[in-house]
Amino acid sequence: MKERVQKFGRFLSGMVMPNIGAFIAWGFITALFIPDGWFPNERINEMVSPMLNYLLPLLIGYTGGRMLADQKGAVTGAIATLGVIVGVPGTPMFIGAMIAGPLGGWCIKKFDQAMEGHIPAGFEMLVNNFSVGIIGGVLAVLSMFVIGPVCSALTGILGAGVGFLVGHGLLPLTAILVEPAKVLFLNNAINHGVFTPIGVQQATELGKSILFMIESNPGPGLGLLLAYVVAGKGSSKSSAAGAAFIQFVGGIHELYFPFVLMNPILILGPMTGNIVGIFLLQLLGGGLKAAASPGSIIAELLMTPRGAYFANIVGIAAACAVSFVVTLALMKLFVREEAEGDFEAAQAALAESKAIAKGQVPAANAVYVDPRDVKKIVFACDAGMGSSAMGATMLRNKLKGAGITDITVVHAPVSEVPKDCQIIVTHHELSARAANDNPGVRIIPIKNFMGAPEYDALVTEMVEGRGAAGAQSAGSVHAAEADKVQAGEILLKKENIKLGLKPVAPEQAIRDCGRMMVEAGIVEEGYIEGMIERNKSFPVAIGNHVAIPHGTNEARKFIIHNGLVCMTYPDGIAWDEDTVKLVVGIAVKDGGDHVDVLGAVAEAADTEEATDALVSSGDVDLIYKKLNGLA
């Protein structure tokens, strides 16, 4: 149930959040140029109503359709949304757009699935354009006469509900739902699904709305963090001050979530603080012109209309003070001495919860794939050139060794993953990108391309799920790999191997590696900076005391021909959180002939002990043979 609610919240926020900039633009123009604004301007004020009634709903509908069926879904969703707008003129139809937009995307998606393989060659563009036009037109009419009036009635009911809460002084009680929802990342479903649509309508009528501040008020979170500054222990105390500043000034409310997850009873602090804050905002006439995003003190003040500054500042300050006092009392009464690792565990729990809420995949089994259906596994890294190629070769060999030969294992940049794969193996820092771009595909995040235990676990799963047997011996796999290398181009030459170097900084090691490539005629000077940029964006130290510096995709234009170089550092280089003793520089312009060499590197350095032994040997011939897969 929780996952379904989170999925619904993700979907709602996914339509609104990409368009928050448009809401802010409308808010600024409204606050500045309407007749009661700071700088009244009749001509500029003419934009306010069209932006509210047309631009914002159309953007939401366009985005909702795109989420389900790419560009065709976006256009169909926008057409359907126009019907909602025209069906109820003069009313901001955000809820209607959230229905009509995805409906348009869903309909065009189902049509495309039904027509797949049945469109004669040469007629694809004709069918695509007419299908969008016809389906979009039908939905626009449906939206005009059905969805629009229904949503108008629904908005009226919700508005009446809010009016009831306001009229009976019960609006502050919404904080009981909002604060726990924020920690579960469900706040966007409530904030943008209910508060923003009704708040915008209130703002057009009254010039402001308190609903914009119920979720975005930075006071409750600030109070909790300040309580940790005073009474926290260990790493949570040392982290709280910086988190408080960023949360309040930057509006990143997620920073206080780990502190709540570590001690859930403390949610009562922000909850109580927000109740008091809303009460005072309501009493003093506070509110904002438009949604404040992010929920920082800066955004809150920028969206505050004239005459509401005192009320809003009091509401924020009171929420902070009450949250601080209640949290501090709860910490004294209920919170035990912080154990080592408590805060880190809470941060990990937060990361997993946030990944689920955003549709990212935090664990290997988040998407189940029947082993019998697996035909292609993709190793993805930032460039698709180095670490992923090594990982792909290692897994390919392990599958062969287990008798599984009908699964294709390839490597690719994370931005160019083949759409026909069932499993993606990637570094945990890239798993979110892989999951977002490949919905429904199983993501296996790893921390070490060289010695990841997930490889063996995946092979075991495939063997047990497919009933595979008849494993080849490791020797036969290695011999086959050596034959392939011998039959191809030898990319690593003996003259491009340097041994026994003194430790240097990682960036200097990369530059030295690039300099070797330049002197060997493999690359031009520009490739070196590409190697530096690659390590900044995605560290090239891959575990087992190995680093594989290589350039960005843009830097490939500086490659003269494919080639590799090797450098050893027996005393080790402190490289991020790893120690590197073997550095293999890679320059590959095209083709896949480097994969065999990288596979050989993976075999020769499959453990830290193996790498250390290879480096300490000081034998150029041995390293040449090992890294080329010839021994």
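A surface patch here is made of residues with over 30% relative accessible area and no salt bridge, with nonpolar side chains joined within 5 Å. The model is predicted.

**Exercise 1. The nonpolar patch**

State which residues form the nonpolar patch on the surface and which helix gives the most to it.

Solution. Step 1: list the members. The patch consists of Tyr-54, Leu-82, Val-86, Val-141, Leu-142, Met-144, Phe-145, Val-146 and Val-150, and their accessible area together is about 790 Å².

Step 2: assign them to elements. At least two patch residues come from each of helix 4 (48-87) and helix 6 (124-167). With six residues, helix 6 gives the most.

Step 3: check one member. Val-146 lies in helix 6. Its relative accessible area is 41%. Buried means under 20% and exposed over 50%, so Val-146 is partly exposed.

**Exercise 2. The cores**

Describe the largest nonpolar core, and name some residues of the second one.

Solution. Step 1: find the centre of contacts. The largest core has 36 residues, of which Trp-26, Leu-56, Ile-60, Phe-94, Val-200, Leu-211 and Ile-214 touch the most other members.

Step 2: find the contributing elements. Helices that each supply at least two residues of this core include helix 2 (20-33), helix 5 (94-115), helix 8 (187-206) and helix 13 (268-284). Helix 4 gives the most to this core, with five residues.

Step 3: follow one residue. Beyond its neighbours within four places in sequence, Val-200 contacts Phe-23, Trp-26, Leu-52, Pro-92, Phe-94 and Phe-212.

Step 4: turn to the other core. A second core, separate from the one above, has 23 residues, among them Ala-509, Ile-510, Ile-559 and Val-583.

**Exercise 3. The whole chain**

Summarise the secondary structure, burial, surface and contacts of the protein.

Solution. Step 1: count elements. The protein has 25 helices and nine strands.

Step 2: consider burial and surface. Buried residues make up 50% of the 631 residues. The accessible surface is about 27,100 Å², with 62% belonging to carbon and sulfur atoms.

Step 3: consider sequence separation. Taking contacts between residues at least 6 apart in sequence, 74% join residues at least 24 apart.

**Exercise 4. Confidence**

Give the average pLDDT, and identify stretches where pLDDT is below 50.

Solution. Step 1: take the average. The mean pLDDT is 79, and 78% of the residues score at least 70.

Step 2: locate low values. Residues 354-365 have pLDDT below 50, and this stretch has 32 contacts in the model beyond near neighbours in sequence. Residues 468-488 also stay under 50, with 27 contacts beyond four places in sequence.

Notes
Residues numbered from 1 in each chain as written. Predicted model: local features only at pLDDT ≥ 70, side-chain atom pairs only at ≥ 80, totals over all residues. Heavy atoms only, no water. Helix = DSSP H or I, 4+ residues; strand = E, 2+ residues; numbered from the N terminus. Buried < 20%, exposed > 50% of the residue type's maximum accessible area, 1.4 Å probe, protein only. Contact = heavy atoms within 4.5 Å. Areas by Shrake-Rupley, 256 points an atom, 1.4 Å probe, with all protein chains shown as cover. Patch = residues over 30% accessible without salt bridge, like charges linked within 9 Å, V, L, I, M, F, W, Y side chains within 5 Å. Salt bridge = Lys/Arg side-chain N within 4 Å of Asp/Glu carboxyl O. Core = buried A, V, L, I, M, F, W, Y, C linked by side-chain atoms within 4.5 Å. pLDDT = per-residue confidence, 0-100.
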